[in-house]
Amino acid sequence: MVLPSLKLQELIQEIRGAKTQAQEREVIQKECAHIRAAFREGDVHQRHRQLAKLLYVHMLGYPAHFGQMECLKLIASPRFTDKRVGYLGAMLLLDERQDAHLLITNSIKNDLSQGTQPVQGLALCTLSTMGSAEMCRDLANEVERLLLRPSPYVRKKAVLAAVHMIRKVPELSDIFLPPCTQLLHERHHGILMGTITLITELCERNPNALTHFREVVPQLVKILRTLVMSGYSAEHSVAGVQILRLLRILGRNHEESSEAMNDMLAQVATNTDTSRNAGNAVLYETVLTIVDIRSASGLRVLAVNILGRFLLNNDKNIRYVALTSLLRLVQSDHSAVQRHRPTVVECLREPDASLSRRALELSLALVNSSNIRSMTQELQGFLESCPVDLRADCASGILLAAERFAPTKRWHIDTIMQVLTTAGAYVRDDAVANLTQLIGGAEELHAYSVHRLYSALAADISQQPLVQVAAWCIGEYGDLLLSGSYEETEPLQVQGEEVLTLLEKVLQSHLSLPATRGYALTALMKLSTRLQGDNNRIRQVVSIYGSCLDIELQQRAVEYNALFRKYDHMRSAILEKMPLVEHGGPQDDEPGEGKEEPWSPNREVQSPREPPTSNLLDLLDLLDSASGDAQPSSTLDLTTEGSLLHLLDFPSNTPSLAPIPGLKVFDREGLQMNMSFVRPPETPALLLITATSSNTSKSDVTHFVCQAAVPKSFQLQLQIPSGDTVPAQGGPPITQVLRVLNPNKAPLRMRLRLTYNHFGQSVQEIFEVKDFPPDTWQ
């Protein structure tokens with residue numbers, strides 16, 4: 001005998017009473033069999049009860065697809081009890097991916113047109129939940145008529161259905177424009193909130209709607225003023241947030257609308273109670289609205305001050321929101337944000353990692369030429385105690401700020417050395433090269449630098465970048481170290497044996513990287529020409545590394561041994577000091593007065609006055625290697641007007657250059673790189689490539705570095721880029737010139753590696769460019 005079916009309450013009790021999952025599955029399988037049997041029998045009075053049990057089974061995660069057609073039958077029933085369960089089943093069991101949902105379109109249309117208010121509410125809720133684009137197009141007119149019905153219950157449901165329709169089918173916007181204007185006069189709070197949401201959706205998706213609703217800005221301002229004067233409740237605060245969000249959309253890039261809402265925004269910003277979180281939400285939306293519209297300067301300062309008060313809030317979420325918002329405003333309202341710099345610096349000490357990271361980004365953005373010394377001191381203090389995952393960003397940020405705003409060369413050198421001493425393992429790869437170039441270009445600071453670096457190296461050899469710079473500097477300017485020509489506080493007497501012992505310690509340390517050992521070995525070799533006396537100790541150390549397992553270090557040692565044995569007469573000339581790096585403009589310190597003039601490290605590097613003859617001849621050999629007919633050097637024109645110099649300097653007057661079509665080589669998340677090409681007629685084997693990087697996203701691209709490689713048959717030279725930050729929203733692009741020498745006229749291929757930070761994440765892209773225009777190499 002078949003057991004009778006359980007009631008819904010009994011089914012719930014039996015499922016909850018199951019002690020194991022197997023017992024639960026057994027109960028549900030038996031009851032699903034009863035439900036299927038009842039559906040087959042077609043009992044009209046029991047159908048809604050069976051479907052209610054099936055919906056509970058569905059909520060537990062078990063399959064219930066066999067009840068879809070029963071939902072359609074219940075919706076078509078004239079009884080309210082059937083329709084209620086049927087519409088609920090349709091919302092749970094049907095969606096637009098299944099064709100069965102289209103079968104209820106006619107039933108919903110009939111209920112919207114002829115049904116009672118509860119039935120109309122059920123139909124509208126179902127349409128808002130699972131209505132597809134086809135259903136929205138078929139039922140848009142019925143929903144539009146219900147928007148102006150007398151019943152507030154039906155109007156509120158119709159507004160929500162209209163919001164769903166606009167999101168699904170934006171082209172239906174024109175149908176809902178007239179009713180929305182009338183609904184703004186509605187006193188019912190729920191209908192007003194729904195109307196504001198509907199207008200927001202319309203303005204975001206339809207430019208015509210945006211123009212249409214800018215006329216109702218005074219009315220929206222009046223509604224918001226009423227809410228402010230009557231006092232915010234929890235419910236009305238949500239409405240205030242939605243109205244502010246709509247005003248932000250309407251006032252963006254529109255002077256008249258912005259002017260109409262300025263006074264009201266100031267009133268909201270000053271009269272909102274911040275003791276509750278709802279008040280903070282209203283204030284935050286007010287700040288976003290002030291920032292996005294064309295507001296007055298005083299109002300923008302007020303918005304920044306509100307964010308400054310948020311920084312003092314005890315809630316971590318509010319402080320994080322304030323730091324993020326101030327980071328967005330630092331470019332447009334730099335002076336206003338600068339007033340809150342002490343509070344931002346205090347946030348660096350937050351134990352929460354997300355807060356300290358945001359505070360670090362904002363602190364670096366606030367650095368300028370007037371506060372570079374104090375801010376660098378604060379950031380260096382933070383670098384000593386910051387979490388490990390922030391040290392790389394902090395160190396790189398300090399180095400970039402020092403490079404951009406350094407007041408003097410000496411201060412710049414001291415800052416980089418301090419960063420290398422504190423967090424040398426976390427600095428960027430180019431920090432060593434930048435510091436060596438900086439020291440090499442500051443002739444008056446050579447003695448100071450070598451003494452400072454020698455003292456730092458004697459104290460600690462664990463920081464590899466610092467050790468590499470110190471080894472390079474000792475090798476270059478070891479004579480100044482031994483002569484004791486610089487006295488900072490007390491005389492520093494250094495003997496040659498002490499220097500050699502220290503470099504040998506670096507070579508033998510297990511902490512030293514292969515690159516560091518290479519620096520130390522080269523420094524020893526250069527000291528062989530700077531120290532007075534016998535070089536046997538240096539010879540022995542160099543000979544030891546002639547059998548080193550590291551190939552590069554072994555090659556260095558073998559070559560240096562050859563210098564000692566075969567070319568000792570050339571050793572002094574080969575190991576002479578590196579040439580100075582000259583910077584344009586008067587920026588050298590005046591040693592006679594003991595003062596240091598402000599120095600800008602971003603000046604362009606000028607070419608030496610004397611043309612580099614050897615480089616020109618080497619390049620000429622490369623050009624003529626294909627034909628083998630090299631012209632004698634006596635016929636070369638090495639004057640500044642000579643065409644040969646154009647191989648090393650970008651041509652200034654090129655009226656006869658043939659146009660070559662450009663090429664887009666990269667496009668990701670708003671960051672684009674385009675290449676333009678020029679082939680000077682006098683040197684057809686030379687291709688000048690200008691890589692232009694632009695950014696249309698809402699976030700700056702920082703630490704942008706472009707590296708390139710070509711096949712061995714080509715010669716590639718990368719010029720210094722115009723910057724390393726690509727501003728957001730179509731700001732000034734950065735450019736970099738690549739010079740490619742192609743003597744064999746082979747098809748050009750190039751591999752590029754782009755590294756940068758975007759949206760707070762570090763990105764590295766490696767790709768190959770093959771589709772260069774034929775005019776670039778033929």
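The expected span of a helix is taken here as 1.5 Å times one less than its number of residues. In this predicted model, helix α27 comprises 20 residues, 464-483. The distance from its first C-alpha to its last is 27 Å, close to the 28 Å expected at 1.5 Å a residue. The axis of α27 nevertheless bends, by about 80° at Tyr477. Of the 20 residues of α27, 16 are buried, and the helix is therefore largely enclosed by the rest of the structure.

Strands β4, β7 and β8 form an open sheet, in that order, with antiparallel pairing. Its edges are formed by β4 (702-709) and β8 (761-769), each of which pairs on one side only. From one strand to the next, the twist averages 10°. Within this sheet, strand β7 (residues 750-758) runs antiparallel to β8 and is joined to it by nine bridges. In the pairing of these strands, Thr755 has Gln764 of β8 as its bridge partner.

The structure contains zero disulfides. Two cysteines were examined for their accessibility. Cys125 has a relative accessibility of 24% and therefore counts as partly exposed, because the buried class is confined to values under 20% and the exposed class to values over 50%. Cys136, by contrast, has a relative accessibility of 0% and so counts as buried.

Conventions:
Residues numbered from 1 in each chain as written. Predicted model: local features only at pLDDT ≥ 70, side-chain atom pairs only at ≥ 80, totals over all residues. Heavy atoms only, no water. Pairing = 2+ DSSP bridges. Helix = DSSP H or I, 4+ residues; strand = E, 2+ residues; numbered from the N terminus. Axes fitted to C-alpha atoms, helices over the stretch in contact; angles between N-to-C directions. Bend = angle between axes of the 7 residues up to and from the residue. Buried < 20%, exposed > 50% of the residue type's maximum accessible area, 1.4 Å probe, protein only. Disulfide = S-S within 2.5 Å.
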